[in-house]
Amino acid sequence: MATGRTHRPATRSRGIPEATVARLPLYLRALTALSERSVPTVSSEELAAAAGVNSAKLRKDFSYLGSYGTRGVGYDVEYLVYQISRELGLTQDWPVVIVGIGNLGAALANYGGFASRGFRVAALIDADPSMAGKPVAGIPVQHTDDLEKIIQDNGVSIGVIATPAGAAQQVCDRLVAAGVTSILNFAPTVLSVPDGVDVRKVDLSIELQILAFHEQRKAGEEAATPDGAHPAAATRKESADQGPDGDVPAVMPA
């Protein structure tokens, strides 16, 4: 089976926009669920709803793959699963190393979705000497002193960083120097990498802060409406009280 080091995804060479690439995993997840239920075909509207996008955008995205569906029938689910998996590079083996086996790193190691999506956790690495040799998810943890050798021996091109922020850049530099060209960063810091290295950042605290912003805004809207009425209802009432020009009450007070 091929490894990640000798193959790169075909999306860039075929000119697929990054926004489309970002949506392909959403389509694949929805299609996989349909496949597991033995659903043979799906319409663009049904698949778009399952993936959380509009159907016009879905059809445009699939046109980059050369898949247009059949009028009155829809898309063949199994063929689309194969097509998207191939485009994302998931039909080959991608060995991955996880660096930083604290609570988050251990949780990632135990995540069962890697193997089913074409990723194999080749090694777990941590700087704590007391962790060396301890099994996590059935894989013995190895010390960071051996990081470069581990990457070379396993042909790793994808690294996952789950270390504290202060250690992340140094780990990143070592990964890149050893030949890793794609990094998934869970550390709460921005990494500096050379051209040709892709970094995807996952920051749970930022996502929670964005949700907090929306919660605060919703609470403010509710407080600003009489009797806790829904903001939309208040808007409709304002529209009803406005005159034909929209800014003067139709009936002036006596």
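At what angle do helix 1 and helix 3 pack, and how far apart are their axes? In this predicted model, the two helices pack at an angle of about 105°, and their axes lie 11 Å apart. Helix 1 is therefore roughly perpendicular to helix 3, since angles of 65 to 115 degrees are assigned to that class. On the side of helix 1, the contact involves Thr 20, Arg 23 and Tyr 27, which meet Lys 57, Leu 58, Asp 61, Phe 62 and Tyr 64 of helix 3. By class, 4 residues of this contact are nonpolar, 1 is polar and 3 are charged.

Helix 3 (residues 55-64) also packs with helix 2 (residues 44-51), at an angle of about 100° and with 8 Å between the axes. Helix 2 and helix 3 are therefore roughly perpendicular to each other. Ser 44, Glu 45, Leu 47 and Ala 48 represent helix 2 in this contact, and Ser 55, Leu 58, Arg 59 and Phe 62 represent helix 3. The contact comprises 4 nonpolar, 2 polar and 2 charged residues. Leu 58 and Phe 62 of helix 3 thus appear both in the contact with helix 2 and in the contact with helix 1.

Helix 1 packs with helix 4 as well, at an angle of about 145° and with the axes 9 Å apart. The crossing of helix 1 past helix 4 is left-handed. Helix 1 contributes Leu 24, Tyr 27, Leu 28, Leu 31, Thr 32, Leu 34 and Ser 35 to the contact, while helix 4 contributes Val 77, Glu 78, Leu 80, Val 81, Ile 84, Ser 85 and Glu 87. Of these residues, 9 are nonpolar, 3 are polar and 2 are charged. Tyr 27 of helix 1 takes part in the contact with helix 4 and also in the contact with helix 3.

The largest pocket holds about 1,700 Å³ of space. Its lining consists of 41 residues, and those closest to the centre are Pro 25, Leu 88, Leu 90, Phe 119 and Arg 200. At least two lining residues come from each of helix 1 (18-36), helix 4 (77-87), strand 3 (94-99), helix 6 (113-116), strand 7 (158-161), strand 8 (182-185) and strand 9 (198-201). Helix 1 makes the greatest contribution, with 9 residues. Helix 1 and helix 4, which pack against one another, are thus both among the elements that line this pocket. In composition, the lining has 23 nonpolar, 8 polar and 10 charged residues.

The second largest pocket encloses about 280 Å³ of space. It is lined by 20 residues, and Gly 100, Thr 163, Pro 164, Ala 167 and Val 171 lie nearest its centre. Strand 4 (119-126) and helix 8 (165-178) are the elements that supply two or more residues to this lining. Helix 8 accounts for the largest share, with 4 residues. The lining is made up of 13 nonpolar, 5 polar and 2 charged residues.

Note on methods:
Residues are numbered from 1 along each chain as its sequence is written. This is a predicted model: local features need pLDDT of at least 70, side-chain atom pairs count only at pLDDT 80 or more; totals for chains, interfaces and linings use all residues. Side-chain values use heavy atoms; hydrogens and water are left out. Axes are lines fitted to C-alpha atoms, for helices over the stretch in contact, and angles run from 0 to 180 degrees between N-to-C directions. Angles under 35 degrees count as roughly parallel, over 145 as roughly antiparallel, 65 to 115 as roughly perpendicular and the rest as oblique. Contact means heavy atoms within 4.5 Å. Ala, Val, Leu, Ile, Met, Phe, Trp, Tyr, Cys and Pro count as nonpolar, Asp, Glu, Lys and Arg as charged, and the others, Gly among them, as polar. On a 1 Å grid over the protein atoms alone, a cavity is a set of points where a 1.4 Å probe fits but cannot get out, and a pocket is an open set with protein on both sides within 12 Å along at least five of seven lines; lining residues have an atom within 4 Å of a point. Grid points are joined across faces, edges and corners, and a volume is the space filled by probe spheres set on the points. A crossing is left-handed if the near helix is turned anticlockwise from the far one by less than a right angle, and right-handed if clockwise.
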